[in-house]
Amino acid sequence: MFEKRVILTVIPALVGWTELAHAETGSPDRSLEEVVVSALRETHVQDIDASISVLDRANIEASPAQHFQELFQQVPNLNLSGEGSRARYFQLRGIGELEQYEGAPNPSVGFIIDDIDLSGVGGISALFDIQRIEVLRGPQATRFGANAIAGLIYMQSADANDETELNARLMSGNDDSRAVGFALGGAMGERLNGRFSIHQLDSNGFYDNAALGRENSNGRNELLSHGKLQWTLENGWTAKLSMLLADFDNGYDAWSPQNGRTTWSDHPGRDEQQTSGISTRISGPLSSDADFVSITAYANSDILFSYDGEWGDADFWSPYVYDYVYQDNRERKTLSQEFRILSSPNGRLFGGKTDWLVGIYAQRLDESNHILSAGIYDDSADVPYSYCAPCLDKNILNSAYASTNYALFGKLDTAISERMSLSVGLRVEHWAADYTDSFVDEIYADPNQPVRHAFSPADSLWGGNVSLNYELTDQSIIYGLVSRGYKAGGFNPSLARAQGASPVDGPAAISFDPEELWNYEAGLKGLWLDSRLSGAFSVFFMNRNNMQLRSSAQYTDNPNDFIFITSNAEGHSWGLEASVDWRLSPTWTVHGNLGVLGSEVDAYALEREADISGELSGREFAHAPPYTLNLGVSFQSAGNRPGRWVGQLDFNALGSFFFDYSHDEKAGARQIVNFKLGRQWQHWEVYGWARNLLDENYHSRGFSFGLSPPWFERTRFTRLGDPRHYGITVNYRY
């Protein structure tokens with residue numbers, strides 16, 4: 001009922017408007033922000049014929065969010081999976097990974113920070129000193145290729161400039177949370193500017209461990225640093241060096257047999273990630289007709305993901321002896337190089353009416369996983385009906401994945417008339433991979449061990465876009481878009497662990513085929529009312545062929561004995577996206593974002609587990625809420641008095657959605673209120689803030705499986721999202 005009320009109330013108010021960022025509130029005559037990096041060439045948001053959201057620094061700092069996972073509901077049709085201590089997996093329009101216990105070589109949603117590709121390892125998205133966030137929805141094949149079939153999230157840290165700037169921040173809040181941040185930038189020479197920032201966040205993680213008497217077993221200990229050097233070279237050339245260093249030393253103890261905020265784990269898990277990355281961007285004029293851009297990027301991530309397999313201790317499971325652990329040590333490296341040549345105004349084709357761009361791209365990705373699953377179950381207390389007295393488990397799965405991508409891409413933007421333009425983009429990509437795995441059962445070994453598999457697939461992939469853009473006025477357009485995205489194939493390492501016990505036949509099921517997606521979209525965007533009102537509106541239909549659908553099955557009573565199978569299916573989705581930013585007066589601004597989404601799995605070849613009653617065919621996608629809603633109001637006091645009051649109140653709503661494809665458990669609808677109020681002086685700022693102000697209980701992830709001895713009956717288990725979190729932040733700026 002709430003879903004219907006929300007949609008019927010909000011759609012009429014938002015028709016004709018959408019998803020530009022709320023611009024900084026300092027000037028009523030603001031213009032649309034430029035999307036500098038995520039588009040292939042610099043352009044204004046209203047000229048991009050696709051569904052895009054931009055959150056600038058003003059938006060980010062007006063929110064009480066510390067991490068992107070606390071800001072995501074300001075983006076229509078974006079969801080995230082609460083797997084791990086921080087959200088590492090995102091879903092755009094219902095497409096994206098939910099978890100990857102064995103790695104994520106081919107993400108559906110690209111995630112990039114300062115040109116450094118962190119797709120699949122995006123949990124380190126802290127917001128301190130972030131200048132802008134760009135979210136492009138729908139396939140981005142021309143721009144970014146195989147890792148952006150659903151869209152792309154691009155985060156840009158603050159650039160270096162020649163003005164000295166210092167920002168120091170202190171935060172303190174409940175849950176024993178505290179943070180400190182420092183950023184310094186300015187001129188380092190006649191042609192060299194630099195900037196450096198560092199931020200440390202600590203908190204207990206909102207769970208209490210009764211078995212160990214600890215309040216911080218799910219705690220967060222997060223360090224993130226950015227660095228930039230920017231040179232102004234001769235003859236219009238520039239060079240930028242960006243660096244990133246992250247050390248997230250977080251706990252992972254968020255699951256309880258009782259589905260509450262009290263856990264009983266005697267071996268609480270870890271979700272640690274150490275990532276270093278570097279990128280260089282060099283650009284300048286090749287001639288009077290063409291400009292050149294080179295982007296080189298490297299990233300190295302070491303990730304430890306572990307958890308207590310049965311979520312309890314000896315006393316909790318007594319009289320049974322029941323103790324399991326799971327640990328995955330994962331290493332991921334990416335190296336990429338891109339060259340672009342793009343037309344300057346003098347180099348336009350066809351009588352000066354057509355801008356052009358050509359580029360080549362190469363990437364090398366290496367990922368390895370070392371997975372340990374071990375434990376014991378002893379039900380001797382049930383003699384004479386016991387069947388494990390005891391049962392021991394210890395197995396090790398090692399997998400290695402290496403892939404190379406080579407792509408050629410191009411784009412033409414042609415003015416058909418004074419107000420109409422046509423854009424055509426194409427990307428052709430060759431993907432080749434080598435995969436090996438090795439499985440050993442150290443307790444019940446047989447002569448065939450270790451079990452080994454090896455594959456070396458290769459595919460030629462292509463994607464692109466055709467769009468027509470018509471200017472209604474100097475500041476508004478309508479557009480129509482057809483785009484095709486693709487995603488490379490992959491592998492199922494856990495089938496090696498199943499050793500033939502899986503519901504699929506043969507080692508051939510370890511690999512799965514590439515996916516392709518067709519997106520059909522139309523939209524309106526622009527500025528109205530003397531640039532006091534900005535917005536856009538888009539509708540879309542997407543058809544997924546060879547849809548990569550991931551499900552799991554529990555094949556013994558061991559809570560670690562799951563196989564995760566990605567197989568090819570068919571599906572489609574449709575919906576709309578809308579946002580508005582309206583400056584009512586120099587004091588008040590209102591904003592809103594709405595996403596509506598429908599989806600359906602058309603065909604699914606594998607059988608579900610025997611005790612799952614419903615069919616997956618005909619069901620909605622997982623983590624695809626039927627609506628996402630953000631409504632907010634911002635305030636800043638008028639006048640030139642020393643110090644001014646500023647504040648923002650946001651109401652966020654999310655519709656009920658399926659947790660997974662493996663079962664039919666759903667998350668309930670949620671309504672979250674966030675609030676921030678403070679006072680600003682020339683150099684100082686003091687804010688009080690609250691996230692989840694009304695302390696709403698909601699679930700960010702859910703499973704259905706057998707955990708509790710002796711019958712191991714299928715049970716619903718859910719993880720709670722963060723409760724009310726409040727605190728005070730003090731900033732000093734110079």
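Two strands count as paired when DSSP finds at least two bridges between them. Keep that in mind for the first stops of this tour, which goes through a predicted model.

**Stop 1: a hairpin and its other neighbour**

Select residues 165-173, which are strand β10, together with residues 177-187, which are strand β11. The two are antiparallel and are joined by nine bridges. To see the register, pick E165 and look across to β11, where G185 stands opposite. β10 and β11 make a hairpin, with three residues between them. In that turn, click on D175, whose phi is positive, at about 60°.

Now add residues 725-733, strand β40. β40 also pairs with β10, in the antiparallel sense, through seven bridges. Here the residues to pick are G173 and, opposite it in β40, G727.

**Stop 2: an open sheet**

Next, show the five strands β3, β8, β9, β6 and β7, which lie in that order in an open sheet with mixed pairing. Its edges are β3 (52-56) and β7 (116-117), each of which pairs on one side only. From β3, move to β8 (residues 130-137): the two run antiparallel and share five bridges. One pair to label is D56 and its bridge partner in β8, R132.

**Stop 3: the nonpolar cores**

Hide the ribbons and show side chains. Which residues of the largest nonpolar core touch the most other members? They are L118, I133, I153 and Y661, in a core of 50 residues. The strand that gives the most to this core is β29 (residues 533-554), with four residues. A second core, separate from that one, has 24 residues, among them W311, W317, F562 and F705. Leave W317 selected, as it belongs to this second core and returns at the next stop.

**Stop 4: aromatic rings**

The model has 27 aromatic pairs. Begin with F316 and W317: their ring centres are 4.9 Å apart and their planes meet at 85°, so this pair is edge-to-face. Are these two rings buried or exposed? W317 is buried, at 6% relative accessibility, because the cut-off for buried is under 20%. F316, with a relative accessible area of 25%, is partly exposed.

Then select Y322 and Y377. This pair is edge-to-face too, with centres 5.6 Å apart and planes at 75°. Y322 belongs to strand β19 (residues 321-343) and Y377 to strand β20 (residues 354-378), so the contact ties together parts that are 55 residues apart in sequence. Both Y322 and Y377 are buried.

To see these rings together, select W264, F316, W317, Y320, Y322, Y324, Y377, Y387 and F712, which form one aromatic cluster.

**Stop 5: the cavities**

Last, turn to the empty space inside. How many cavities of 30 Å³ or more does a search of the whole structure find? The search finds twelve. The largest has a volume of about 490 Å³. Of the 33 residues that line the largest cavity, select Q69, E70, F72, Y698 and D722, which lie nearest its centre.

Four strands each supply at least two residues of this lining: β4 (78-81), β33 (644-654), β36 (670-680) and β39 (714-720). The largest share, three residues, comes from β36. Colour the lining by class to finish: ten residues are nonpolar, 15 are polar and eight are charged.

Key: Residues numbered from 1 in each chain as written. Predicted model: local features only at pLDDT ≥ 70, side-chain atom pairs only at ≥ 80, totals over all residues. Heavy atoms only, no water. 1 Å grid on protein atoms, 1.4 Å probe; cavity = no way out; pocket = protein on both sides within 12 Å on 5 of 7 lines; lining within 4 Å. Points joined across faces, edges and corners; volume = space filled by probe spheres on them. Nonpolar A, V, L, I, M, F, W, Y, C, P; charged D, E, K, R; others polar. Core = buried A, V, L, I, M, F, W, Y, C linked by side-chain atoms within 4.5 Å. Buried < 20%, exposed > 50% of the residue type's maximum accessible area, 1.4 Å probe, protein only. Phe/Tyr/Trp six-rings, centres within 6.5 Å; stacked < 30°, edge-to-face > 60°.
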